[in-house]
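The following exercises concern the arrangement of strands and helices in a single protein chain. Each task is followed by a solution in steps.

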Amino acid sequence: MKKTLIAISIALFSVNCFADEGKTTTKSEVSITTTAPEPIELGKQYAALPTNPSPDKEVIEFFSFNCPSCFRFEIQNQGSHTIGKALPEGVKFKRYHLEDFGPLAKELAQAWAVANVLGIEDKASDALYNAVQKDKTIKTADDIKVVFEKLGISGEVYDKTKDGFLVKAFMAQQASAIKEMKPESIPTVIVNRKFFIIANQLNITSDEAFINDYARVTAFVAGLDPNAKVEQKTNSDKK
């Protein structure tokens, strides 16, 4: 059931939040407007989860290299990079890979852990996304190691790192976060383990506007006190 929800959400996200894959929008084609950004409101651009806030301020993005929408969000539109730059000082930005979405999900999640331990997250993210989504060269676990070898990480180092304590610890943290927050769509961003960004309520006039609004809202929510009392309005309250 969870996988079905994720698949449906991805389809909706692709259609509603980004331009057609067959159409390239240039900056000259995007109309320039002086309209002020929408006020950021709880229950509109972000909502509360029934979870306890994290002790430290953090932003977590859930994703998968098997997800076409994640590819567009992160690689084609630099979503993660834009959000990371916008965050207030002292806010940690983490990215966790789903372990049950698409082919070789567990192996790809483990590869992401290896990349984090080796400190090559950005290079590995680009390479793995392109190998899965663009070149379609990853069919087996050994193909994942080939991607790392092209980044200068030998198969021997990859295997040693994969079986090491640090990767196992990262995998445990990743699995724990997924279990706790139960993301039902990807990519999704959760702030302080308490609030999630509602993508279809952001500015969707263009890819660039969407990403910038995503970063704006995420930075705003990251600056809130996660322990403050949350009073989220319902639709009936707004009428």
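**Exercise 1. Two cysteines and the overall composition**

Determine whether Cys-67 is buried or exposed, do the corresponding assignment for Cys-70, and state how many disulfides the structure holds.

Step 1. Cys-67 counts as buried because its relative accessibility is 0%; buried means under 20% relative accessible area, exposed over 50%, and partly exposed in between, with a 1.4 Å probe and protein chains only.

Step 2. Cys-70 also has 0% relative accessibility and therefore counts as buried.

Step 3. A search of the whole structure returns zero disulfides, a disulfide being a pair of cysteine sulfur atoms within 2.5 Å.

Step 4. The basis of these values should be noted. The model is predicted, with local features requiring pLDDT of at least 70 and side-chain atom pairs counting only at pLDDT 80 or more, while totals for chains, interfaces and linings use all residues. Residues are numbered from 1 along each chain as its sequence is written, and side-chain values use heavy atoms, with hydrogens and water left out.

Step 5. For context, buried residues make up 44% of the 239 residues in the protein. The protein has 10 helices and five strands; these are DSSP runs numbered from the N terminus, helices being H or I of at least four residues and strands E of at least two.

**Exercise 2. The sheet**

State the order in which the strands of the sheet are arranged, and identify its edge strands.

Step 1. The five strands form an open sheet with mixed pairing, in the order S1-S5-S4-S2-S3. Two strands pair if DSSP finds at least two bridges between them.

Step 2. Strand S1 (46–48) and S3 are the edge strands, each pairing on one side only.

Step 3. On average, neighbouring strands of this sheet are turned by 25° against each other, direction ignored.

Step 4. H9 packs on the sheet and touches S1, S2, S4 and S5; contact means heavy atoms within 4.5 Å. The direction of H9 makes about 20° with that of S4.

**Exercise 3. Strand S2 and its partners**

Explain why strand S2 is described as largely enclosed, and give the sense in which S2 and S4 pair.

Step 1. Six of the six residues of S2 (residues 58–63) are buried, so the strand is largely enclosed by the rest of the structure.

Step 2. In a regular strand the side chains alternate between the two faces of the sheet.

Step 3. In S2, Glu-58, Ile-60 and Phe-62 lie on one side and Val-59, Glu-61 and Phe-63 on the other, and all are buried.

Step 4. S2 runs parallel to strand S3 (residues 92–97), joined by six bridges; Phe-63 has His-97 as its bridge partner in S3.

Step 5. With strand S4 (residues 188–191), S2 pairs in the antiparallel sense over four bridges. In S4, Ile-190 is the bridge partner of Ile-60, and Thr-188 is that of Phe-62.

Step 6. S4 is likewise covered on both faces, with Thr-188 and Ile-190 buried on one side and Val-189 and Val-191 buried on the other.

Step 7. S4 continues into a hairpin with S5, with three residues between the strands; Asn-192 in the turn has a positive phi of about 55°. Two bridges join S4 to strand S5 (residues 195–197) in antiparallel fashion, and Val-191 has Phe-195 as its bridge partner.

**Exercise 4. Helix packing and a buried leucine**

Describe the packing of helices H3 and H9, and state which residues Leu-128 touches.

Step 1. Helix H3 (residues 79–86) and helix H9 (residues 207–222) pack at about 35°, with axes 9 Å apart. Axes are lines fitted to C-alpha atoms, for helices over the stretch in contact, and angles run from 0 to 180 degrees between N-to-C directions.

Step 2. On the H3 side the contact includes Thr-82 and Ile-83, and on the H9 side it includes Tyr-214 and Ala-215.

Step 3. Leu-128 is located in helix H5 (residues 121–134) and counts as buried because its relative accessibility is 0%.

Step 4. Not counting residues up to four places away in sequence, Leu-128 touches Phe-65, Leu-108, Ala-111, Ile-138, Ile-144, Val-147 and Phe-148.
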